[in-house]
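The following explanation concerns the strands, the sheets and the cysteine chemistry of a single model. Please keep the sequence and the coordinates at hand while reading.

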Amino acid sequence: QVVPVESGGGLVQTGGSLRLSCVASGRTFRTYPMGWFRQAPGKEREFVAAVNWSGGTTYYADSVKGRFTISRDGAQNTVYLQMDSLKPEDTAVYYCNRVRWGTRTNSLDAWGQGTLVTISS
């Protein structure tokens with residue numbers, strides 16, 4: 001089964017920035033809304049942001065609104081998450097997946113390996 005491939009995580013200080021990438025190839029992803037999710041240590045996976053198939057409409061979790069920006073490049077089959085003003089509570093493994101538009105839930109059960117983001121205080 002095809003799964004997204006996430007990259008771009010790392011260790012940054014509070015207030016810093018990171019840009020995550022997710023390559024999601026093929027018909028399974030190309031014309032569907034996509035989202036970013038994250039899972040912090042000891043917590044359940046949670047929704048972060050979503051973008052529609054064209055990249056023209058987005059929505060965010062309240063905790064990241066105004067700091068994170070989701071976008072997609074259809075030609076490159078890539079979804080991005082620009083993360084600014086990072087906080088220690090943003091520390092998590094970040095995943096991308098198809099999203100049920102208008103909700104905070106994924107629409108595919110298969111997940112990639114994710115990319116680890118660690119924010120130091």
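A disulfide is here a pair of cysteine sulfur atoms within 2.5 Å. The model is predicted, so local features need pLDDT of at least 70 and side-chain atom pairs count only at pLDDT 80 or more, while totals for chains, interfaces and linings use all residues. Residues are numbered from 1 along each chain as its sequence is written, and side-chain values use heavy atoms, with hydrogens and water left out.

Under the sulfur criterion, the count comes to one disulfide. Cysteine 22 is joined to cysteine 96, with an S to S distance of 1.7 Å. The torsion about this S-S bond is about 50°, and the disulfide is therefore right-handed. Distant parts of the chain are linked by the pair: cysteine 22 lies in strand 3 (residues 18-23) and cysteine 96 in strand 9 (residues 92-98), 74 residues apart. Strands, like helices, are DSSP runs numbered from the N terminus; a strand (E) has at least two residues and a helix (H or I) at least four.

Are the two cysteines buried or exposed? Buried means under 20% relative accessible area, exposed means over 50%, and partly exposed lies in between, computed with a 1.4 Å probe on protein chains only. Cysteine 22 has a relative accessible area of 0% and is therefore buried. Cysteine 96 counts as buried because its relative accessibility is 0%.

The two strands that carry these cysteines can be followed into their sheets. Two strands pair if DSSP finds at least two bridges between them. Strand 3 belongs to an open sheet of four strands in the order 1-3-8-7, with antiparallel pairing. Its edge strands, strand 1 (5-7) and strand 7 (68-73), each pair on one side only. The twist from one strand to the next averages 15°, where axes are lines fitted to C-alpha atoms, for helices over the stretch in contact, and angles run from 0 to 180 degrees between N-to-C directions. Within this sheet, six bridges connect strand 3 and strand 8 (residues 78-83) in the antiparallel sense; serine 21 has tyrosine 80 in strand 8 as its bridge partner.

Strand 9 belongs to an open sheet of six strands, in the order 2-10-9-4-5-6 and with mixed pairing. Strand 2 and strand 6 (58-60) are the edge strands, each pairing on one side only. Neighbouring strands of this sheet are turned by 25° against each other on average, direction ignored.

Strand 10 (residues 115-120) shows how the mixed pairing arises in this order. Strand 2 (residues 10-13) and strand 10 run parallel and are joined by four bridges, whereas strand 9 and strand 10 run antiparallel and are joined by three bridges. Valine 117 of strand 10 stands opposite glycine 10 and also opposite alanine 92. Threonine 118 in strand 10 is the bridge partner of leucine 11. In a regular strand the side chains alternate between the two faces of the sheet. In strand 10, the covered face holds Thr115, Val117 and Ile119, and the uncovered face holds Leu116, Thr118 and Ser120.

Tyrosine 95 is likewise found in strand 9. Its relative accessible area is 11%, so tyrosine 95 is buried. Contact means heavy atoms within 4.5 Å. Not counting residues up to four places away in sequence, tyrosine 95 touches Glu6, Gly35, Trp36, Phe37, Gln39, Arg45, Trp111, Gly112, Gln113 and Gly114. The C-alpha atoms of tyrosine 95 and lysine 65 are separated by 18 Å, with their positions 30 residues apart along the chain.
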